[in-house]
Amino acid sequence: MWFIWAILSALLFGLSGFYMKYGQAKKGSVAYLLLGLYLSGTLGFLLLALVNKLFTFHWGILLAGIIVGLGSTLGNVLFMKALECGPASLTSPLANANIVLVVIMSIIVYGETLSMLEIFAIILLIVSVSLLPIDPQESLSITNRAWYLFVGVSVILFFFRNGGLKITEELAYHNTVVLFYAYLLGIFWSVGQVYVEQKQQNAPDKRAIRTGLYSGLVAGVFSFGGMQLYSYALADGPASIVSPIFSLNSLVVAILSIVIFKERLSRFQQMALLGTFLGIVLLRI
């Protein structure tokens, strides 16, 4: 069942990513978009934890939630800064390096074993996902050295999110509660961003606020579902396989962008689609 959870987690988290892209495309306020995402996401984890009576205060769980939350929130911040000062064709694939770190940790620290076929399928998935953002027409020259710092630190922070949930699962923490604290931290950070945005001269108008908040609230519901299913998959399946499958959420964003925004598939993206489908089939075998 964990394989199904992993596929569904990628699908739902991909829908979350698409709604974030949709909100930005409609010129919604980014600060309100993130606020909406963390609000509905936090509410989802809160309700699930209350229904299942998972809340028992534990300093370790609180600390884990803060670390996972910082990994998610600050990772996205630095990733966006890297995109501002460097080529997306290099930035996005390198950000996916956090998946490699999760696989290595799972094998070395937790003793997970992979067959040669599974290793080939995982490499195929990671390479295919990395091909998605590549634009052959884009210049790959990097003039701002800060790009290296932004990318490097964002990779580590994303590892804190994806790999951190593997560690908390092994520690027998309830990841629903860990994610609740993580998203709650995101609310505090987003409120601060909203305050800063409102103080600027070009503060967003009511339409931008509504668009951003609406898109964020919908994205948060899918984000909650995606991360919760990812944690379920980690509970029963090997992180060395679950994490690469979860990374396919970027493929969902790409496909929906092609359908909704009429974006054209490049040759690299066609190869990525073929590679991901083949990788999933090989892992299932």
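## Walking through the helices, starting from H12

The buried residues of helix H12 are Gln269, Ala272, Leu273, Gly275, Thr276, Gly279, Leu282 and Leu283. Keep in mind that you're looking at a predicted model. An α-helix has 3.6 residues a turn, so residues three or four places apart point the same way. With that in mind, trace the buried positions on H12, for instance Ala272, Thr276 and Gly279. What sits over them? The cover includes helix H1 (2-25), helix H6 (116-131), helix H10 (239-246) and helix H11 (249-260). As for the length of H12, which runs over residues 267-284, its 18 residues should span 26 Å at 1.5 Å a residue, and the end C-alpha atoms are indeed 26 Å apart, so the two agree.

Helix H10, one of those covering helices, is a good place to go next, since it also pairs with helix H5 (residues 97-108). Two packed helices are described by the angle between their axes and the distance between the axes. For H5 and H10, the axes come within 8 Å and cross at roughly 170°. Anything over 145 degrees counts as roughly antiparallel, so that is the label for H5 and H10. On the H5 side, look for Ile99, Val102, Val103 and Ser106; they meet Ala239, Ser240, Ser243 and Pro244 in H10. Sorted by class, this contact has five nonpolar and three polar residues, with no charged ones.

Now swing over to helix H9 (residues 206-236), which packs with helix H2 (residues 30-51). Their axes are 6 Å apart, at an angle of about 40°, and that makes H2 oblique to H9. The crossing of the two is right-handed. The residues in this contact divide into 14 nonpolar and ten polar, and again none is charged. While you're on H9, find Gly225, which has its place in this helix. Gly225 counts as buried because its relative accessibility is 14%, and the cut-off for buried is under 20%. Its C-alpha atom is separated by 9.0 Å from that of Phe45, although the two residues are 180 places apart along the chain.

H9 has another partner, helix H7 (residues 146-170), with axes that come within 10 Å and cross at roughly 50°. That makes H7 oblique to H9, and this crossing is right-handed too. From H7, the contact takes in Arg161, Asn162, Leu165, Lys166 and Glu169; from H9, Met227, Tyr230, Ser231, Leu234 and Ala235. By class, that gives five nonpolar, two polar and three charged residues.

Is Ser231 of H9 buried or exposed? At 3% relative accessibility, Ser231 counts as buried. Setting aside neighbours within four places in sequence, Ser231 is in contact with Glu169 and Asn175. Glu169 is one of the H7 residues in the contact with H9.

Finally, go back to helix H1, where you'll find Ser9. This serine has 0% relative accessibility, so Ser9 counts as buried. Which residues does Ser9 touch, leaving aside its neighbours within four places in sequence? They are Gly226, Leu229, Tyr230 and Phe246. Tyr230 should look familiar, as it is also among the H9 residues that meet H7.

Technical notes: Residues numbered from 1 in each chain as written. Predicted model: local features only at pLDDT ≥ 70, side-chain atom pairs only at ≥ 80, totals over all residues. Heavy atoms only, no water. Axes fitted to C-alpha atoms, helices over the stretch in contact; angles between N-to-C directions. Helix = DSSP H or I, 4+ residues; strand = E, 2+ residues; numbered from the N terminus. Parallel < 35°, antiparallel > 145°, perpendicular 65-115°, else oblique. Left-handed = near helix turned anticlockwise from the far one by under 90°. Nonpolar A, V, L, I, M, F, W, Y, C, P; charged D, E, K, R; others polar. Contact = heavy atoms within 4.5 Å. Expected span 1.5 Å × (residues − 1). Buried < 20%, exposed > 50% of the residue type's maximum accessible area, 1.4 Å probe, protein only.
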